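Visitor: I'd like to know what stands behind the labels people put on a model like this. Could you walk me through it?

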Amino acid sequence: MMDWILQMAPAWAEAHAPALIVVLPLLAGPICAFLPGKGRIAWLLTVAVTALCTLLALVLLAQVRSVEGGAIISYAMGGWAPPHGIEFRIDALNVLVLLLVSSIAFLTSIFGWPTIRAEINQEKRAMFFGAFQVCFMGLLGVTSTGDAFNLFVFLELSSIATYVLVALGSGRDRRALPAAIDYLLMGTIGASFYVFGVGFLYAATGTLNMADLALQLQDVGGNRAVQVGFAFILVGLGLKAAMFPLHQWLPNAYSYSPSFVTAFLAATATKVAIYALVRFLFSVFSLEYIFEGASLAMILMPMGIAAMLACSFQAIFQTDIRRTLAYSSVAQVGYMLLGISLGTAVGVSAGLFHLVNHALMKGALFMAVAGVVLTYQGTRIHDFAGLGRAAPWTMTAFAIAALSLIGVPLTAGFQSKFALVSALLASGWWWAALIVVFSSVLAVVYMGRILEAVFFKAPNNPHKEHKEAPLLLLIPLWVLALANIWVGVNGSFVSGLADDAAAALFIGGLQ
Amino acid sequence: MSQKTDHHVILRIVAKPLIPIIALFGFYVHFHGDYSPGGGFQAGCIIAVSVILYSLIFGIAPAMRAVPPAFTRSLAALGFLIFGGVGVWALLMGGNYLDYDALFNEPPGGHDGQHYGILMVELGVLFAVAGSMLSIFYAFAGRVTEIKDEDW
């Protein structure tokens, strides 16, 4: 399969894929803003660009995997050689995230058109797609860059576009506006913390290139400025990743933004921030760095566990389905952080595996909710009652993703939770493994409430006739739902990618 | 704002010749950016300021007629495209993205690519900054009612 991709790909794509994957949406964004009409052309352009980016990500994946142990593709922007110029550096870790982000963007942008037509004013649609492209480009840029300051620029680009996208939910619900402002304030604080941290590192080492930083940091060791920089970066990226207790912006932003944006953000935005966190923890700083070793066990692990428990409980008491799912997202971030905080290759691999699977299930769940918002205009659990009969295709996919979120065998969620529990047991953290199981029981409660309403309650609205979501929405939804089952039955492909990614961090990270 | 009220006459008379000079200075800052402090960002700000000064003196509505909001938005997007387009041009000429040396396929030692490449990229920055500054200004200024003449 991988050889076949390399044979099919044209030479220019192979040589310039790291740049092109970011440049395509970068250029498509402003072009969208120019496009005439009611947004249909902008939508088609968006679908085309996200499809191309997915193909480019596949090419990159094939290139990385063509070498045993994973190649490192370095691309010098503007021909300035790293470490002085800006470097795009693709290895087994970020190619996984690139593929995830671009394929989720492709699927969501296919399903986006019906919901956007219903939720966004027609004169704003072209600009909406422009903002989406910029957000998408920023996420890809954060993932592919090898330069710490460049990462900040892309992080801000994607975040600013995200604030706009969230605020555009105000057509459906005015509460989108305060949600966007909250997100803007918190996100800006996070980004400034990150850039403070990078500033301290720059002061201590005189370089911004991540690979070079890793080398220089070995020499400066216990420097206080480096420690302060590390703390700033941890908090800044933690805010962006919705690490407990810095997650307060997330539930509102997810509940009130347009359905399309929620589905895309839930599956990608926090994932990219977690990637950046992993990159800094293991690739830029080394595990031997004593300050970091303590912070993994003393900060990330308790925060991850607190998120798993507190936010799962909060999810139980929500009446709005999108809020339930949003709190569950924070809880799932806790699983990933717990895996990462083990500081072992298996732990990080389990965290990354769960990261991918969580994108698959949350993408499917929010897409199904978007379908219901489109046909029945309601997001409360109350509104979902009896939908199992009214919209069987939408709700079956929803149920598959919900089971995957709980971690039922034969679904993706089971595979990654199993990997996480094995990694915890391998490190002797059996009590943490118990908490993972307990938190999964909480997931049974909050998803069970919804599933019960959907399948076993009588519809409370007598006018609720047989109304399925449009086909354009059902196809990507089912692709994601089936992906959940596929990973659940045969998880070796995705878990292999996660293993490679973790191995790249622990073996090849210091080159 | 009618022409008969003339208690702003000094402001208007002073501003009128200043506005083109400010805009011209903006372009000077841009094109002289190679040899002195300056560049696209500063130039874009200065050019936007000339329009903002116009709207402060003559009112927001005439300013929006002279430089319409749709135009400022497009200008910002166009600037983005110019910047990215120079990079794609370098790709098409066989270099890396934004590699100015590749722009004109020069023999080694030629610096035209570096010279014109950076000027074009900075022109993109100028458009983007001027367009965004004005769009933001219009978005804020367009929301409030204007100060009436009697309130001065």
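Guide: Sure, here is a tour of some labels and the values behind them.

Guide: First, the ground rules: this is a predicted model, in which local features need pLDDT of at least 70 and side-chain atom pairs count only at pLDDT 80 or more, while totals for chains, interfaces and linings use all residues. Residues are numbered from 1 along each chain as its sequence is written, and chains are lettered from A and ligands numbered from 1 in the order in which they are written.

Visitor: What makes H13(A) roughly antiparallel to H14(A)?

Guide: Helix H13 (residues 321-341) and helix H14 (residues 345-376) of chain A pack at about 170°, with their axes 8 Å apart. Helices here are DSSP runs of H or I with at least four residues, strands are E runs of at least two, and both are numbered from the N terminus. Axes are lines fitted to C-alpha atoms, for helices over the stretch in contact, and angles run from 0 to 180 degrees between N-to-C directions. Under 35 degrees counts as roughly parallel, over 145 as roughly antiparallel, 65 to 115 as roughly perpendicular and the rest as oblique. So H13(A) is roughly antiparallel to H14(A).

Visitor: Which residues of H13(A) meet H14(A)?

Guide: Among them are A:Leu325, A:Tyr335 and A:Met336, and the H14(A) side includes A:His354, A:Leu365 and A:Phe366. Contact asks for C-beta atoms, placed from the backbone, within 7 Å.

Visitor: Why is A:Trp429 called buried?

Guide: A residue is buried if 20 or more other C-beta atoms lie within 10 Å of its own, exposed if 12 or fewer, and partly exposed in between, with C-beta atoms placed from the backbone. A:Trp429 has 20, so it is buried. This residue lies in the loop between helix H18 (412-426) and helix H19 (430-456) of chain A. Its C-alpha is separated by 9.0 Å from that of A:Leu342, 87 residues apart along the chain.

Visitor: And why is A:Glu156 partly exposed?

Guide: A:Glu156 has 18 C-beta neighbours inside 10 Å, so it counts as partly exposed. You'll find A:Glu156 in helix H6 (residues 148-167) of chain A.

Visitor: What is unusual about phi at A:Ala242, and is that residue buried or exposed?

Guide: A:Ala242 has a positive phi of about 60° although it is not a glycine. With 29 other C-beta atoms within 10 Å, A:Ala242 is buried. A:Leu410 also has a positive phi, of about 75°, and is not a glycine either. A:Leu410 has 13 other C-beta atoms within 10 Å, so this one is partly exposed.

Visitor: How do you know that E1(A) and E2(A) pair?

Guide: Pairing takes at least two bridges found by DSSP between the strands. Four bridges join E1(A) to E2(A), which run antiparallel. One of the bridge partners in E2(A) is A:Arg89, opposite A:Ser74.

Visitor: Where is A:Pro83, and what kind of peptide bond joins A:Pro82 and A:Pro83?

Guide: A:Pro83 lies in the loop between E1 and E2 of chain A. The bond is cis, with omega about 10°.

Visitor: Last one: how many residues of chain A are in contact with chain B?

Guide: 14 residues of chain A are in contact with 16 residues of chain B. H2(A) gives the largest share of chain A's side, nine residues.

How values were computed: Contact = placed C-beta atoms within 7 Å.
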